[in-house]
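Let's work through a few exercises together. Have the viewer open and try each task before you read its solution.

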Amino acid sequence: MATYLYRCTSHGETEVVRPIGSAPPTWSCPVCQSECARVFVPPMLSLAPSRLVAAIDRAERSADAPEVVTSLPTQGARRRTPMAPPNPAYQRLPRP
Ligand SMILES: [Zn+2]
């Protein structure tokens, strides 16, 4: 289930709980029964793990102020050697 938000021009916002993907584009206002437009809001990031939120914040900051490194990364950044082709005849060819 997900919580969807609809806004009436006279009575404000209304929360509607429905299965994910089944939100109609409009909803009737519980007070005046007029059509309310759906409001799109970001997901509840407050429930996300703090590491995820920190990674998102870091990615947003990198657009304006990218981090400057002073050395090459060492963890998990080894260069891969090219794989030998499966055909044995190709294995005798010179390698770069
Ligand atoms: Zn209303």
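Helices (H or I, at least four residues) and strands (E, at least two) are DSSP runs, numbered from the N terminus. This is a predicted model, where local features need pLDDT of at least 70 and side-chain atom pairs count only at pLDDT 80 or more, while totals for chains, interfaces and linings use all residues. Residues are numbered from 1 along each chain as its sequence is written, and side-chain values use heavy atoms, with hydrogens and water left out.

**Exercise 1. Find Met1 and describe its surroundings.**

Step 1: Start with the overall layout. The protein has one helix and four strands, running β-β-β-β-α from the N terminus. Met1 sits in the segment before strand 1.

Step 2: Check the accessibility. Met1 is exposed because its relative accessible area is 71% (buried means under 20%, exposed over 50%, partly exposed in between, with a 1.4 Å probe and protein chains only).

Step 3: Look for partners. Leaving out residues up to four places away in sequence, Met1 touches Val17, Arg18, Pro19 and Ile20 (contact means heavy atoms within 4.5 Å). Met1 and Ile20 are 19 residues apart along the chain, yet their C-alpha atoms are separated by 5.5 Å.

**Exercise 2. Work out which residues hold the zinc ion, and in what arrangement.**

Step 1: List the donors. They are Cys8 (SG), His11 (ND1), Cys29 (SG) and Cys32 (SG), at 2.1 to 2.3 Å. Donors are N, O and S atoms within 2.8 Å of the metal (3.2 Å for Na, K and Ca); water is not among the atoms, so sites may look incomplete.

Step 2: Read their spacing along the chain, which is C-x2-H-x17-C-x2-C. One pair links distant parts of the chain: His11 is in the loop between strand 1 (2-8) and strand 2 (12-18), and Cys29, 18 residues apart from it, is in the loop between strand 3 and strand 4 (35-39).

Step 3: Check the angles. The four donor atoms subtend 103 to 113° around the zinc ion, so the arrangement is tetrahedral (four donors count as such if all angles lie between 85 and 135 degrees). For comparison, the ideal angle for four tetrahedral donors is 109.5 degrees.

Step 4: Look at accessibility. His11 is partly exposed because its relative accessible area is 40%, while Cys29 counts as buried at 1%.

**Exercise 3. Is Trp27 buried, exposed or partly exposed, and is Thr14 buried or exposed?**

Step 1: Place them. Trp27 lies in strand 3 (residues 26-28), and Thr14 lies in strand 2.

Step 2: Use the accessibility values. Trp27 has a relative accessible area of 28%, so it is partly exposed. Thr14 comes to 15% and therefore counts as buried.

Step 3: Compare partners, again leaving aside residues within four places in sequence. Trp27 touches Tyr6, Val16, Arg18, Ser34, Glu35 and Cys36. Thr14 is in contact with Tyr4, Leu5, Tyr6 and Pro30.

**Exercise 4. Identify the residues of the largest nonpolar core.**

Step 1: Know what to look for. A nonpolar core is a set of buried Ala, Val, Leu, Ile, Met, Phe, Trp, Tyr and Cys residues joined through side-chain atoms within 4.5 Å.

Step 2: Collect the members. The largest core has eight residues: Ala2, Tyr4, Tyr6, Cys8, Val16, Ala23, Cys29 and Cys36. Strand 1 gives the most to this core, with four residues.

Step 3: Put this beside the whole protein. Of its 96 residues, 12% count as buried.

Terms used. Tetrahedral: all angles 85-135°; square planar, octahedral: opposite > 155°, others 65-115°.
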